[in-house]
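This report goes through side-chain contacts and a surface pocket. Please look at the sequence and the model before reading on.

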Amino acid sequence: MKLDKVIVRAIVNTLCSIAILCVSTVLFASFVFPSTMMSLSYKLGNDSGAMKYAYTSYTRTNEVAYIAYATEVAFGMDSDSEIVRYGEEFVADEKFNDYCLEVDLNSGTAQGAYRQYVYGRLVVSEYSLGEKDKAFNYAVEAIGNGFIKNNAMVALLFEAMVSNDGVTVEKVIVKMRALSSALEGEDAVYLNSLLDAYDKSTKN
């Protein structure tokens, strides 16, 4: 009987030691190799963990790819709070524009498309969380002095229209009208087509 207790105690102690070792290994890897844990977490379906490890890697290395990764995972989760959390830092990174151009080049999309996609998702999330002024300011920041197709300002306009938010709609339309006289080429055609469509819808 005593022998059985000794065996059981030995087994329990061994299992505890293994458990402690596993936890210690994970904690060590999380601290020393956050980029590795980021990939592992994502593969295991732990999106929240993947974002956090990506962000940890970003804070340590200042590599824009890591904050881009965290933001993209937030997009996939469709979490407004996480999109805002990581997206704001992504667009503020000094290498953001270069990163976006590289994505466009590698994916074969139009120049500026990915940048507007990121800003558009950020704008919509800010708006959804009630940060309407921030949403508008990011939309203005996104378009700059141009008005390429499917831009963040249009994303905000549609979101406001769906929400029957007349104040924000009017704010966006005023900004668009102010831009219309300064634009040329495809940007001008696209912008004026949207304004014409809006004017016709308000007359009906």
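Are F96 and Y119 buried or exposed? Both F96 and Y119 are buried. The model is a predicted one, and the sections below take up aromatic rings, salt bridges and the largest pocket in turn.

## Aromatic pairs

Ten aromatic pairs turn up when the whole structure is searched. One of them joins F90 and F96, whose rings meet edge-to-face with 4.8 Å between centres and 85° between planes. F90 has a relative accessibility of 0%, below the 20% limit, and therefore counts as buried. F96 has a relative accessible area of 1%, so it is buried by that limit as well.

F96 also pairs with Y119, again edge-to-face, at 5.7 Å centre to centre and 85° between the planes. This pair links distant parts of the chain, since F96 belongs to helix α6 (residues 96–107) and Y119 to helix α7 (residues 113–128), 23 residues apart. Ring pairs extend into a cluster made up of F75, F90, F96, Y99, Y114, Y117, Y119 and Y138.

## R85 and its neighbours

R85 has contacts with a ring and with a carboxylate. Over the face of Y55, R85 sits at 5.9 Å from the ring centre. R85 also makes a salt bridge to E82, where the closest N and O atoms are 3.9 Å apart.

R85 and E82 are both in helix α5 (residues 80–92), three residues apart, which is about one turn of the helix. Their exposure classes can be read from the accessibility values. R85 is at 44% relative accessibility, between the limits of 20% and 50%, so it counts as partly exposed. E82, with a relative accessible area of 18%, is under 20% and therefore buried.

## Salt bridges between helices and loops

Side chains of opposite charge can pair when their charged atoms come close. The structure holds eight salt bridges. In one of them, the side chains of E88 and K134 meet at 2.7 Å, N to O. This bridge connects distant parts of the chain: E88 is in helix α5 and K134 in helix α8 (residues 132–143), 46 residues apart. K134 counts as partly exposed because its relative accessibility is 32%.

Another salt bridge is formed by the side chains of K132 and D165, at 3.3 Å from N to O. Here too the pair links distant parts of the chain, with K132 in helix α8 and D165 in the loop between α9 (152–162) and α10 (166–180), 33 residues apart. K132 is partly exposed, at 37% relative accessibility, while D165 is buried, at 9%. Salt bridges with shared partners join E88, E126 and K134 into one network.

## The largest pocket

Rolling a probe the size of a water molecule over the atoms shows where empty space is left. What is the volume of the largest pocket? The volume is about 160 Å³.

The lining of the largest pocket consists of A110, Q111, A113, F147, I148, K149, E186, D187 and Y190. Helix α11 (residues 185–203) supplies the largest share of this lining, three residues. Sorted by class, the lining has five nonpolar residues, one polar residue and three charged residues.

Key: Residues are numbered from 1 along each chain as its sequence is written. This is a predicted model: local features need pLDDT of at least 70, side-chain atom pairs count only at pLDDT 80 or more; totals for chains, interfaces and linings use all residues. Side-chain values use heavy atoms; hydrogens and water are left out. On a 1 Å grid over the protein atoms alone, a cavity is a set of points where a 1.4 Å probe fits but cannot get out, and a pocket is an open set with protein on both sides within 12 Å along at least five of seven lines; lining residues have an atom within 4 Å of a point. Grid points are joined across faces, edges and corners, and a volume is the space filled by probe spheres set on the points. Helices (H or I, at least four residues) and strands (E, at least two) are DSSP runs, numbered from the N terminus. Ala, Val, Leu, Ile, Met, Phe, Trp, Tyr, Cys and Pro count as nonpolar, Asp, Glu, Lys and Arg as charged, and the others, Gly among them, as polar. Rings of Phe, Tyr and Trp (its six-membered ring) pair if their centres lie within 6.5 Å; planes under 30 degrees apart count as stacked, over 60 as edge-to-face and the rest as tilted. Buried means under 20% relative accessible area, exposed over 50%, partly exposed in between (1.4 Å probe, protein chains only). A charge sits over a ring if NZ of Lys or CZ of Arg is within 6 Å of the ring centre and within 35 degrees of the ring normal. A salt bridge is a side-chain nitrogen of Lys or Arg within 4 Å of a carboxyl oxygen of Asp or Glu.
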